[in-house]
Amino acid sequence: MLDASITEYIEQHTSPEAPVLAELNRMTHLKVLQPRMLSGHVQGKFLEFLSAMSGAQRIVEIGTYTGYSAICLARGMRGGRLTTIDIDEERTPMVKEYIQKAGLEAVIEVLNGHAADILPGLEGPFDMVFIDADKKNYSLYFDLVIDKMATGGWIIADNTLWSGKVTDPTQNDKDTLAIRAYNKKVQDDPRVENVLLSVRDGLMIARKNG
């Protein structure tokens, strides 16, 4: 949503991608449909910073895609375990290949299946959850993880500005309505404090209260 020159300037003044991430970025654009779903350079570095600043030891990611964001989050961790969940098994070999290239196979666990089925069986508490999957289920995923969050734990949801559609009253497709509903749900939930950031396509960060 930013002017192209501003986006370029931001990228030029952000620490460069690690070589393995640059390669994964390039291969995702060459081999995978909808490469725009990749977190990318700036957001990936921001996720790495959030992981490091929070001191998270237990991270759950809902929506793996090609593994870029999982690697970024894991790079910010100082010990601990990250579990990433995705319904698409076809991309799993690529995901695991780049996790191994990043030297993070002992840190990142890859699970395939419906997150709604998997999340109830995961042991908490979670220090951080990153939601970047099917928009219609964002609110469901929040409900499934909120009681497993550690005090002070962060729930981060991607695409929460949805290319600006959230503020356009003429846009009422299912995904836009789901994102609006999620943002309102978080805003109204007394169990969390939250901030909506305009990083890339929007990040809603909710921190669980004590």
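This is a guided tour of a predicted model, going from one selection to the next.

Before starting, note that residues are numbered from 1 along each chain as its sequence is written. Because the model is predicted, local features need pLDDT of at least 70 and side-chain atom pairs count only at pLDDT 80 or more, while totals for chains, interfaces and linings use all residues, and side-chain values use heavy atoms, with hydrogens and water left out.

**Stop 1: strand 1**

Select residues 58–62, which form strand 1; helices (H or I, at least four residues) and strands (E, at least two) are DSSP runs, numbered from the N terminus. Of its 5 residues, 5 are buried, where buried means under 20% relative accessible area, exposed over 50%, and partly exposed in between, with a 1.4 Å probe and protein chains only. One side carries Arg58, Val60 and Ile62 and the other carries Ile59 and Glu61, and both faces are covered.

**Stop 2: the neighbouring strands**

Add strand 2 (residues 81–86), which runs parallel to strand 1 and is joined to it by 5 bridges; two strands pair if DSSP finds at least two bridges between them. Then add strand 4 (residues 126–131), also parallel to strand 1, with 4 bridges between them. Glu61 is a useful residue to click on, since it stands opposite Thr84 in strand 2, and its bridge partner in strand 4 is Phe130. From Thr84, move on to Val110, its bridge partner in strand 3; strand 2 and strand 3 pair in the parallel sense over 5 bridges.

**Stop 3: the crossovers**

Now show helix 4 (residues 68–76), which together with strand 1 and strand 2 makes a right-handed β-α-β unit. A crossover is right-handed if, with the strands pointing away from the viewer, the path from the first strand over the helix to the second runs clockwise. Another right-handed β-α-β crossover takes the chain from strand 2 through helix 5 to strand 3.

**Stop 4: Ala70**

Within helix 4, select Ala70, which is buried, with a relative accessible area of 0%. Leaving out residues up to four places away in sequence, Ala70 touches Glu61, Leu82, Thr84 and Ile108, contact meaning heavy atoms within 4.5 Å. The C-alpha atom of Ala70 is separated by 9.3 Å from that of Glu48, which lies 22 residues away along the chain.

**Stop 5: the cores**

Next, select Ile71, Leu82, Ile108, Met128 and Ile156, the residues with the most contacts inside the largest nonpolar core, which has 35 residues. A nonpolar core is a set of buried Ala, Val, Leu, Ile, Met, Phe, Trp, Tyr and Cys residues joined through side-chain atoms within 4.5 Å. Helix 4 gives this core its largest share, 6 residues. Apart from it lies another core, of 27 residues, among them Val145, Leu161, Ile179 and Met204.

**Stop 6: helix 8**

Finally, select residues 174–188, the 15 residues of helix 8, which at 1.5 Å a residue should span 21 Å, in agreement with the 21 Å between its end C-alpha atoms; the expected span is 1.5 Å times one less than the number of residues. Its buried residues are Thr176, Ala178, Ile179, Tyr182, Asn183 and Val186. They cover an arc of only 165° around the axis, which puts them on the same side of helix 8, the arc being that of the directions from the helix axis to the C-beta atoms. These buried residues pack against strand 4, helix 7, strand 5, strand 6 and strand 7, whereas the face turned away from the buried side carries the exposed residues Lys174 and Lys184.
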